[in-house]
Amino acid sequence: MLLNSKIFNPQGKVLLHLDKVLEYFKKGNVSPITLEVDPSNACNHSCPFCLSGHIHLAKFKDTKFFNRKMLSKETLMKLSRDMIKIKINSLTWTGGGEPTTNPHLKEAINYIKKNSKIEMGMFSNGSMFSKFDLFETIVKSLSWIRISIDAGTASSYNKLRVTNQNNNFLIVIKNIKKLIEIKKQLNSEIIIGVGFVVTKDNHEEIINFANLFKNIEVDYCQYKPEIIQIERDGNVDKKKEQISSSFWLNEVVSQLDKAKQILGTKFECNNYKLEDLLFDSKNYGRNYKECIGSQLQPCIGADGNAYVCTNHRGHKEYSYGSIQEKSFKDIWSNLKVRKCVMDKINYKEKFSKCSQLCKPHESNKLLWSIKENLDNKKYIEGLRKKSIVLEKIIKHKNFI
């Protein structure tokens with residue numbers, strides 16, 4: 001079952017940007033390959049496993065992290081212009097919260113599409129496309145969109161996400177079908193996917209999810225394991241440990257095999273995360289000494305901070321600066337500040353306050369190997385040959 005994906009393959013995508021990677025090691029700075037942007041910290045769903053739950057879930061209301069802000073129109077459009085100037089390859093509208101809750105998102109998407117060659121993608125719960133008339137904008141302007149479902153039945157979906165009549169299962173399925181119909185009408189090449197985060201609470205619906213979407217014309221159905229966020233004080237907390245390998249091996253893998261049989265070529269899985277959970281329950285594959293991947297894929301939070309990565313959003317000690325005070329170009333050019341933050345992560349904390357299997361984790365494995373072999377011409381040439389093969393296979397190469 002553990003096969004490399006054509007879409008979810010961070011190491012393969014790093015290889016497709018080998019020249020930029022080598023430039024980074026030579027100069028110490030390059031424009032990001034991809035940028036994750038949170039238009040909003042507010043969300044109309046309440047998923048218990050949300051990566052950014054500490055920012056918007058009601059149970060965190062009295063903590064220092066709780067922040068349901070949105071990027072203002074002025075800030076969002078200023079950032080849009082800045083991203084065009086710095087010549088990033090791609091950006092993903094994400095969260096934070098639900099990106100489509102920001103009323104100015106449509107204008108930003110249209111502006112970037114009209115004035116640049118930046119590829120755009122989006123993570124969404126898919127419930128609010130009608131409110132701000134986003135259907136055609138999404139289909140015309142985005143390379144892809146993935147809608148989070150995480151359930152196989154209406155009742156479990158609505159219970160898990162704490163929905164109401166305006167954002168429930170029926171609304172989301174209706175919206176997905178409408179996106180597909182508009183895609184056909186406009187002859188668009190957008191890739192429409194749906195996602196299922198596998199947890200102890202929903203793993204029994206892995207097959208239900210596959211059956212639900214086998215006859216709906218989405219392009220893919222992605223499964224990925226839940227990753228538990230680490231506590232930031234660095235102490236060991238049994239409640240914050242990753243789910244044991246026995247769960248994935250005994251309760252999940254066989255169901256994924258059945259789902260693959262049902263879905264055929266529509267089946268996708270973040271196998272690299274499963275491999276680390278299954279085969280390295282001590283380090284989860286973290287054998288690198290520096291987080292290099294974060295220097296190619298940072299995150300702009302809805303609070304305006306430019307964060308090291310999506311896993312650190314809301315934790316201001318891992319911010320390079322605020323786009324409400326400086327341009328992103330100026331923030332990204334300030335190597336002194338970035339070095340200070342990264343030295344803290346790499347050498348002082350040594351990842352003790354980082355989540356395992358984090359966003360840059362998989363790309364870090366290869367990037368560290370490249371750094372260790374920069375003078376090995378045979379090794380680098382081997383990577384170049386691999387990249388030529390991958391160029392014909394990998395989809396969405398600009399989205400690591």
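**Close-up 1. N187 in the loop between α8 and β5 of the predicted model.** The loop that holds N187 joins helix α8 to strand β5, the latter spanning residues 191–198. The backbone phi angle of N187 is near 55°, a positive value in a residue other than glycine. N187 counts as exposed because its relative accessibility is 68%, the cut-off for this class being over 50%.

**Close-up 2. V162 in the loop between α7 and α8.** Helix α7 covers residues 154–161 and helix α8 covers residues 169–186, with V162 found in the loop between them. For V162, phi is near 55°, which is positive although the residue is not glycine. Its relative accessibility is 51%, so V162 counts as exposed.

**Close-up 3. The pairing of β5 with β6.** Strand β6 comprises residues 220–225 and runs parallel to β5, to which six bridges join it. One of the bridge partners can be named for each strand: V198 is matched with P225 in β6. In general, strands of a sheet pair through backbone hydrogen bonds, in either a parallel or an antiparallel manner.

**Close-up 4. The open sheet and its edges.** Ten strands make up this open sheet, in the order β7-β6-β5-β4-β3-β2-β1-β8-β9-β10, and their pairing is mixed. The edges are β7 (267–269) and β10 (319–322); each has a single partner strand, so one side of each is left without a neighbour in the sheet. Within the strand order, β5 stands between β6 and β4.

Methods
Residues are numbered from 1 along each chain as its sequence is written. This is a predicted model: local features need pLDDT of at least 70, side-chain atom pairs count only at pLDDT 80 or more; totals for chains, interfaces and linings use all residues. Side-chain values use heavy atoms; hydrogens and water are left out. Helices (H or I, at least four residues) and strands (E, at least two) are DSSP runs, numbered from the N terminus. Buried means under 20% relative accessible area, exposed over 50%, partly exposed in between (1.4 Å probe, protein chains only). Two strands pair if DSSP finds at least two bridges between them.
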